[in-house]
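Let's take a walk through the side-chain contacts in this one, rings to begin with and charges after that. Have the viewer open as you read.

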Amino acid sequence: MEEKIIEIIKEELQVDITQECRKREIIEARALYFYLVKQLHPKRSLQSIGDSLNKNHATVIHSLKNYSLYEEYNPKLSELKNTILNITTDAKDTTDVNQLQIIEFKRRIFELENNLDKERNRPRYEHRITELLENLLIDTKGTEQHELITLRLEAFYSMNKNIRL
């Protein structure tokens, strides 16, 4: 289970928590890992949690103590924590299917939902000028300015429709 958590953190946060480094991003991701393992296995010793990343128990204590601060300034940690906890909690209740497969499927669903939201928020037109012109035509509808803009756009179109590059 811990290997899967490491893999998910690595994919989502683009940091390798197994490497020896003191960069803020890696420390925060490592703290997330320690927090999740402690939540999922409350009776596990701090030393055994630290051993999984070649860290000692004091590092785990420090990370757990500061995790809420890291989470406060990095909302991505909170989001990922909640996702993993929800996935793993659901996986514990299921006995028919491999737990790791369920985690992977739910993570993939979460990823697809995020991609779908991004796609929905993407502009309708490939070029921003198209959207701006449409808005201008809507705003000036029924005015002389609208007629003038329409005439100019039609002239521009007719001059350029036969150009081959």
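What you're looking at is a predicted model. Counting ring contacts in it gives 2 aromatic pairs. One of them is formed by Tyr 35 and Tyr 67, whose ring centres sit 4.7 Å apart with 15° between the planes. That pair counts as stacked because the angle is under 30 degrees. The contact also ties together distant parts of the chain: Tyr 35 belongs to helix 2 (residues 24-40) and Tyr 67 to helix 4 (residues 57-73), with 32 residues separating the two.

Which of those two rings is buried, and which is partly exposed? Tyr 67 is the buried partner, at 2% relative accessibility, whereas Tyr 35 is partly exposed at 21%. Buried means under 20%, so Tyr 35 falls on the other side of that cut-off.

Now for the charges. The model has 11 salt bridges, and a few are worth zooming in on. In helix 1 (residues 2-13), Lys 4 and Glu 7 are 3 residues apart, about one turn of the helix. Their closest N and O atoms are 3.4 Å apart, and the two form a salt bridge. Lys 4 counts as buried here, at 15% relative accessibility, while Glu 7 is partly exposed at 34%.

Move on to helix 2, the helix that also carries Tyr 35. Here Arg 24 and Glu 28 are joined by a salt bridge, 3.5 Å from N to O. They are 4 residues apart, so about one helical turn lies between them. How do the two ends of this bridge compare, exposed or buried? Arg 24 is exposed, at 51% relative accessibility, but Glu 28 is buried, at just 6%. The lysine of the helix 1 bridge was buried; in this bridge the glutamate is.

Finally, jump to helix 6 (residues 99-121), where Arg 108 and Glu 111 are 3 residues apart, again about one turn. The closest N and O atoms of this salt bridge are 2.4 Å apart. Both partners are partly exposed: Glu 111 has a relative accessible area of 25% and Arg 108 comes in at 39%. This bridge is also part of a wider arrangement, as salt bridges with shared partners join Glu 11, Glu 12, Lys 76, Arg 107, Arg 108 and Glu 111 into one network. Try selecting those six side chains together to see how the network is laid out.

Conventions:
Residues numbered from 1 in each chain as written. Predicted model: local features only at pLDDT ≥ 70, side-chain atom pairs only at ≥ 80, totals over all residues. Heavy atoms only, no water. Phe/Tyr/Trp six-rings, centres within 6.5 Å; stacked < 30°, edge-to-face > 60°. Buried < 20%, exposed > 50% of the residue type's maximum accessible area, 1.4 Å probe, protein only. Salt bridge = Lys/Arg side-chain N within 4 Å of Asp/Glu carboxyl O.
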